[in-house]
Amino acid sequence: MTISTVSTELAFQKCISPDCAATYSLDEVLTGCPKCGELLDVTYQWDQVTLPQSLRDFEKRWSHRNRPLDFSGVWRFRELLPFARDEQIITIGEGQTMLKSSQPVARYVGLNEDGLFLQYEGLNPSGSFKDNGMTAASTHATMVGAKVAACASTGNTSASLAVYASVAQKFKVVVFVGSGKIAFGKLSQALDYGAKTVQIQGDFDDALARVREVCQTEGIYLCNSVNPFRLEGQKSIMYRVLEGLDWQVPDWIVVPGGNLGNSSAFGKAFMELKELGLIERIPRLAIINAQGADTLYQLYEKEGLRWNEGRYDRDRSTDFFTKMDQEDRRASTLASAIEINRPVNFSKSLRALDVCDGLVREVSDQEILDAKAQVGAGGFGCEPASAASVAGAKLLKEEGVIAAGDRVVCILTGHQLKDPNATVAYHSATDEHLDEKLKNHGVNKTPFSNGPIVVENDLDKIINVIRSF
């Protein structure tokens with residue numbers, strides 16, 4: 001494989017290590033730098049791109065929603081991810097999501113009532129944020145002529161990849177899942193959309209390790225977020241957040257941390273927008289781990305690991321993962337979408353935290369499910385992992401890091417029906433009876449439960465119950 005140091009292409013792939021910075025053509029299918037092993041960016045010669053004078057110029061496409069690319073909440077910003085020609089793009093109308101102010105959740109977090117916004121990525125076609133990235137990865141897969149695509153998944157990635165494959169009819173899909181580590185609401189989508197599912201004995205980290213080996217051996221196109229094109233699509237979440245705020249930059253972006261693809265994409269989005277002069281300042285970024293899957297929190301907040309202009313202490317992170325393996329530590333959280341101990345975008349997340357003056361926190365499953373109940377009571381519901389962002393915002397407000405008057409955007413990554421079991425278990429619980437799964441994850445109370453009321457089949461008694469509300 002030829003390694004170049006300078007690219008004359010408008011778009012190309014580039015190693016994020018400043019001491020390597022090797023570049024590769026778009027037609028190479030890579031998930032890491034062949035020279036040094038670091039992650040890759042999709043990079044652009046911006047002086048060859050016709051860019052808008054301001055982000056507000058993208059509003060012109062609102063009047064052309066009959067055109068598939070302008071309807072897409074990803075591709076209507078295509079000048080900011082210009083790696084594909086219009087006719088190559090695979091879209092299913094992703095990105096029709098909303099940014100919604102939530103007064104009830106703002107009160108719960110401790111902010112001024114007009115200060116908290118929820119970005120509902122669960123409104124995507126497959127029900128999660130993954131569609132933003134999968135439209136880009138599917139597009140690149142077709143550009144390189146892939147016949148089979150694969151992913152490891154806790155559920156959302158498999159659902160998204162499967163729906164794109166079923167619509168595009170360009171490639172087949174194989175999904176790797178761990179044993180007992182996928183919510184049925186998510187697995188049902190992959191099954192229904194025709195993906196072939198391989199369930200291995202192990203967790204997500206095991207499944208990802210195996211799928212990467214299989215893809216390398218069999219020449220299969222890998223669609224996990226280690227794929228740099230996935231993250232290009234996920235940048236668009238931030239474009240829509242700015243759009244929802246009338247192109248004003250918020251004070252904080254708060255996002256759940258699993259494989260760290262979103263946070264990495266957000267950092268790249270703001271880095272590029274600032275470089276291009278399309279925003280004047282960059283918001284702060286808070287990445288929220290579940291306590292049972294807190295690798296980034298441990299390395300960033302406890303060990304003090306930093307990006308250091310791309311020269312972060314790789315030995316320290318390697319030692320951390322080696323010890324994790326020796327002790328057989330496994331991720332464990334009810335927030336299944338972020339139940340990941342080995343985040344593949346770890347290095348890119350360090351860069352994002354540097355770009356956005358960021359920080360990392362961890363929250364318990366109790367805090368996550370309580371926040372989830374508050375999100376649902378105040379509007380659209382979300383899957384447990386999504387609520388980590390709200391729980392994290394509440395924690396940061398209590399710590400005095402976020403001020404009551406700050407404008408805070410919490411990213412809700414997945415739809416409520418992605419994991420209905422957790423929702424029903426929380427709301428059906430009583431002080432006398434808690435689901436074993438809840439108790440096993442440290443959830444010992446359900447202060448915001450809204451369970452069904454059992455009443456006899458008698459009109460008068462039913463009316464008495466109704467009048468008691």
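**View 1. Burial and surroundings of Gln88 in the predicted model.** Gln88 has a relative accessibility of 18% and counts as buried, because the cut-off for that class is under 20%. The residue belongs to the loop that runs between helix H1 (68-71) and strand E4 (98-101). A polar contact joins the side chain of Gln88 to the backbone nitrogen of Arg85, at 2.8 Å. Leaving aside residues up to four places away in sequence, Gln88 touches Thr139, Thr142 and Met143.

**View 2. The aromatic pair Phe58 and Phe77.** The count of aromatic pairs comes to 11. For Phe58 and Phe77, the ring centres are 5.0 Å apart and the planes meet at 65°, so this pair is edge-to-face; the class requires an angle over 60 degrees. Distant parts of the chain are linked here, since Phe58 is in the loop between strand E3 (40-44) and H1, while Phe77 is in the loop between H1 and E4, 19 residues apart. How accessible is Phe58, buried or exposed? Phe58 counts as buried, at 3% relative accessibility. Phe77 is also buried, with a relative accessible area of 0%.

**View 3. The aromatic pair Tyr312 and Phe346.** The ring centres of Tyr312 and Phe346 lie 6.3 Å apart, and their planes are at 80°, so the pair is edge-to-face. The separation falls within the 6.5 Å allowed for a ring pair. Tyr312 is in the loop between helix H10 (295-302) and helix H11 (314-326), and Phe346 is in helix H12 (residues 346-355), so the pair ties together parts 34 residues apart in sequence. Both residues count as buried: Tyr312 has a relative accessibility of 9%, and Phe346 has one of 6%.

**View 4. The aromatic cluster that includes Tyr312 and Phe346.** Which residues form one aromatic cluster with Tyr312 and Phe346? The other members are Trp307, Phe320 and Phe321. Tyr312 also has a charged group over its ring: the charged end of Arg314 sits 4.1 Å from the ring centre.

**View 5. Arg306 over the ring of Tyr300.** Arg306 lies over the face of Tyr300, and the distance to the ring centre is 3.7 Å. This arrangement can be viewed alongside that of Arg314 and Tyr312, where the charged end of the arginine is likewise over the ring.

Note on methods
Residues are numbered from 1 along each chain as its sequence is written. This is a predicted model: local features need pLDDT of at least 70, side-chain atom pairs count only at pLDDT 80 or more; totals for chains, interfaces and linings use all residues. Side-chain values use heavy atoms; hydrogens and water are left out. Helices (H or I, at least four residues) and strands (E, at least two) are DSSP runs, numbered from the N terminus. Buried means under 20% relative accessible area, exposed over 50%, partly exposed in between (1.4 Å probe, protein chains only). A polar contact is a pair of N or O atoms within 3.5 Å; within protein, one must be able to donate a hydrogen and the other to accept it, and residues adjacent in sequence count only if both atoms are side-chain atoms. Contact means heavy atoms within 4.5 Å. Rings of Phe, Tyr and Trp (its six-membered ring) pair if their centres lie within 6.5 Å; planes under 30 degrees apart count as stacked, over 60 as edge-to-face and the rest as tilted. A charge sits over a ring if NZ of Lys or CZ of Arg is within 6 Å of the ring centre and within 35 degrees of the ring normal.
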